[in-house]
Amino acid sequence: MPEGSALLTFAAVGDLHVKEDRTFSYRDLFAEASHEAEVLVLCGDLTDVGKPGEAEVLAQDLRACSIPVIGVLGNHDCESGHAEEVWQILRKAGVHLLNGQSYEFNGVAFIGVKGFIGGFGRRMLASFGEDSVKALVAESVSEAIRLENAMRTVQSNRAVVVLHYAPVPDTVEGEPLEIFPFLGCSRLAETIDRFKVSAVVHGHAHHGRYEGRTPAGAPVYNVALPIEKPSGRPYALIQA
């Protein structure tokens with residue numbers, strides 16, 4: 001970090017799973033986070049099943065947030081085939097949604113993609129066999145390439161990677177072993193480790209672990225809503 005540069009504190013949470021029935025509001029949480037952090041980062045599964053009505057409810061709650069909001073979509077946001085509508089509603093509400101782009105604030109670049117499944121390390125799914133398997137691997141590779149292309153455009157000395165899927169197995173430990181391949185992919189970590197990264201945040205693994213590291217040592221934080229965080233709050237407070 002350049003001499004004299006102050007660390008930026010951001011709040012991060014994923015897997016809000018907002019429903020249309022309005023039985024729960026995140027308005028107070030967003031207002032509180034606005035006092036604790038300079039930026040709010042949302043790590044996917046913002047809606048429960050990707051309905052535009054759910055996105056509208058979230059957009060209303062986000063009016064209580066007085067700091068910049070950055071986010072990526074998750075698999076639940078794609079469930080109903082209305083991901084583009086969800087995207088547009090949240091963008092209209094002021095959320096800086098990322099899908100291979102970056103957003104810079106106070107000298108920190110936030111780079112985001114959803115990520116995808118595929119498994120970790122030597123057990124990553126290979127592009128072999130049926131066309132359906134090759135298509136799945138191609139999607140995983142495409143997300144990693146999208147992240148890399150975005151990372152190459154960043155000029156800032158500090159970078160935070162925002163994902164939905166996990167890039168390392170450390171932060172999905174606690175989930176059933178059988179579903180590890182569906183929680184993330186090491187291709188994301190391989191891409192991240194080609195660059196200097198201050199922090200990586202993701203969601204998706206509701207029963208995983210809060211903290212891990214990429215093979216090169218970049219800190220990774222699972223900020224899914226149910227994960228216990230050092231802040232004692234539903235959101236993590238992280239400095240970059």
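This passage describes the two sheets of the structure, a helix that lies across one of them, and the largest pocket.

The structure is a predicted model, in which local features need pLDDT of at least 70 and side-chain atom pairs count only at pLDDT 80 or more, while totals for chains, interfaces and linings use all residues. Residues are numbered from 1 along each chain as its sequence is written, and side-chain values use heavy atoms, with hydrogens and water left out.

Helices (H or I, at least four residues) and strands (E, at least two) are taken as DSSP runs and numbered from the N terminus, and two strands are said to pair if DSSP finds at least two bridges between them. In general, the strands of a sheet pair through backbone hydrogen bonds, either parallel or antiparallel. One open sheet holds five strands in the order E4-E3-E2-E1-E11, and its pairing is mixed. Strand E4 (95–97) and strand E11 (236–239) stand at the edges of this sheet with a single partner strand each, so one side of each is left without a neighbour there. From one strand to the next the twist averages 30 degrees, where axes are lines fitted to C-alpha atoms, for helices over the stretch in contact, and angles run from 0 to 180 degrees between N-to-C directions. Within this sheet, strand E1 (residues 9–13) and strand E2 (residues 39–43) run parallel and are joined by four bridges, with Val13 standing opposite Leu42 in E2.

A further open sheet is formed by six strands in the order E5-E6-E7-E8-E10-E9, again with mixed pairing. Its edges are strand E5 (101–105) and strand E9 (211–213), each of which has a single partner strand, so one side of each lacks a neighbour in the sheet. Neighbouring strands here are turned by 25 degrees against each other on average, direction ignored. E9 is joined to strand E10 (residues 219–222) by three bridges in an antiparallel arrangement, and Glu211 stands opposite Tyr221 in E10. E6 and E7, by contrast, pair in the parallel sense over five bridges, and Ile111 stands opposite Val161 in E7. Five of the five residues of E7 are buried (under 20% relative accessible area, with exposed meaning over 50% and partly exposed in between, for a 1.4 Å probe and protein chains only), so E7 is largely enclosed by the rest of the structure. Of these residues, Arg158, Val160 and Val162 point one way from E7, whereas Ala159 and Val161 point the other way.

Helix H4 (residues 131–152) lies across E5, strand E6 (108–112) and strand E7 (158–162), and runs at about 160 degrees to E6. The buried residues of H4, among them Val137, Ala144, Leu147 and Met151, pack against E5, E6, E7 and helix H5 (186–192). Glu143 is also found in H4 and, at 3% relative accessibility, counts as buried. Leaving aside its neighbours within four places in sequence, Glu143 is in contact (heavy atoms within 4.5 Å) with Asn99, Val113, Lys114, Gly115 and Phe116.

The residues that line the largest pocket include Trp87, Asn99, Lys114, Glu139, Glu143 and Arg146; a pocket is an open set of points on a 1 Å grid over the protein atoms alone, where a 1.4 Å probe fits, with protein on both sides within 12 Å along at least five of seven lines, and lining residues have an atom within 4 Å of a point. Helix H3 (83–92) and H4 each supply at least two residues of this lining, and the largest share, three residues, comes from H4.
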